[in-house]
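Me: I should be grateful for a close look at one part of this model, the nonpolar interior, with its surroundings described afterwards.

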Amino acid sequence: MIEAADLAKRFGEKTAVDGVTFTVQPGKVTGFLGPNGAGKSTTMRMIVGLDHPTAGAVTVNGRPYASHKAPLHEVGALLEARAVHPKRTAYNHLRAMAATHGISNRRINEVIDIAGLGPVARRRVGSFSMGMGQRLGIAVALLGDPQTLIFDEPVNGLDPEGVLWVRHLVRGLAAEGRTVFISSHLMSEMAVTADHLIVIGRGRILADAPIQEVIGGGRIRTLVRTDDADALAAALGSADVEVRRTAPGLLDVLGLPPRAIAETALARRILVTELTPQQESLEDAYMELTRGEVEYESQRPGRDAGPARSPRRAAANAPDDSGETPSHP
Ligand SMILES: Nc1ncnc2c1ncn2[C@@H]1O[C@H](COP(=O)(O)OP(=O)(O)OP(=O)(O)O)[C@@H](O)[C@H]1O
């Protein structure tokens, strides 16, 4: 289990992580999402003691990383910047890591097999492709058979077979009761890998919820095409129902099933020409959650520019970014 309490990190003027509190539970894959520069890597680095918090604290399996006597047996981490001697072979790199914890050659060979590194284990790491480097990083993380695993962008550079392998691997580790904390920018992959999501923007938590809650917000969504959008929007809108005008004659209704919308329209003799239940994707939900939280923003085609506040946003943690201008270091 990973527990962060008011965890913060500043680099000079820059606040990378702004007092986050969260728990990563065992037996689940917890996805860690957020735009570039949101603070994911810094948070993960603090968990394994590579960065020191400016304030707050974080523990792994009940203790700060540094106070574990045999950290490789407690937490395995794949982080973006790996220090691997390029002239070492993959096998020797693993052996050097294993030696610090008295880990057997048998275990080294096991993780080489798990990571699919058999054919290249005697090659120098300097000649590795990015994907092979990722596989080696994952092998290192698994070496001590730890209870907690942290993977920062593990599918970066992996081919489709490798992406699938990571998916099955992390699902398997969680099924064994381990704590798995994994960051990725690949929403489609996260959607099929994670059970729970923590979304971070500008160093603050935007959502911390089961993935189905983040995607669906527990609310049904229906697309409605009608000849009288104004009248229907007025009739449908309430405290529990959100109605958005997405285009002329088109309504996006959150919180009502198609039948209830049809009944309301019928009662008011409003012609409805289309009623389509919508399946929101993780990408849609993520874009909505992080709108306004993106530090390095490109134009988003087909999306209206107005500020949005998602009902799923973790209200207590939601930043008040009004008047805040994006900073570019
Ligand atoms: N060593 C450092 N010195 C100064 N600023 C830093 C340092 N490390 C990170 N930052 C800044 O802190 C912020 C958070 O960075 P971090 O790498 O944690 O984000 P991230 O969510 O992992 O981003 P990405 O998705 O691009 O990897 C960024 O603005 C980054 O420029």
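Reply: In this predicted model, a suitable starting point is I47, which touches I2, V58, V60, Y65 and I150, leaving aside residues up to four places away in sequence. I47 belongs to the largest nonpolar core, a set of 68 residues, and is one of the four members, with A139, I150 and V199, that touch the most other members. The helix α5 supplies the largest share of this core, namely seven residues. Apart from this core lies another, of nine residues, which include V224, L232, V243 and L251.

The sheet may be considered next. Six strands form an open sheet in the order β5-β6-β7-β3-β8-β9, and their pairing is mixed. At its edges are β5 (75–78) and β9 (204–210), each of which pairs on one side only. From one strand to the next, the twist averages 15°. Within the sheet, β3 (residues 28–33) and β7 (residues 179–183) are paired in the parallel sense over five bridges. F32 has S183, in β7, as its bridge partner. Helix α5, spanning residues 130–142, packs on this sheet, where it touches β5 and β6 (148–152). The direction of α5 makes about 170° with that of β5.

The surroundings of the ligand complete this part of the description. There are 12 residues around the ligand, of which F11, A16, N36, S41 and T42 come nearest. Two elements, β2 (14–24) and α1 (40–47), give two or more residues each to this shell. The greatest contribution is that of α1, with three residues. In terms of class, the shell comprises four nonpolar, six polar and two charged residues. The segment α1 (40–47) thus appears in the account of the ligand shell, while I47 appears in that of the largest nonpolar core.

A final position lies outside these topics. S281 is placed in the loop between β13 (272–277) and α11 (282–290). S281 counts as partly exposed because it has 13 C-beta neighbours inside 10 Å, whereas a residue is exposed with 12 or fewer and buried with 20 or more. Between the C-alpha atoms of S281 and L251 the separation is 18 Å, the two residues being 30 apart along the chain. L251 is among the nine residues of the other core mentioned above.

Technical notes: Residues numbered from 1 in each chain as written. Predicted model: local features only at pLDDT ≥ 70, side-chain atom pairs only at ≥ 80, totals over all residues. Near = placed C-beta within 6 Å. Helix = DSSP H or I, 4+ residues; strand = E, 2+ residues; numbered from the N terminus. Nonpolar A, V, L, I, M, F, W, Y, C, P; charged D, E, K, R; others polar. Pairing = 2+ DSSP bridges. Axes fitted to C-alpha atoms, helices over the stretch in contact; angles between N-to-C directions. Contact = placed C-beta atoms within 7 Å. Core = buried A, V, L, I, M, F, W, Y, C linked by C-beta atoms within 7 Å.
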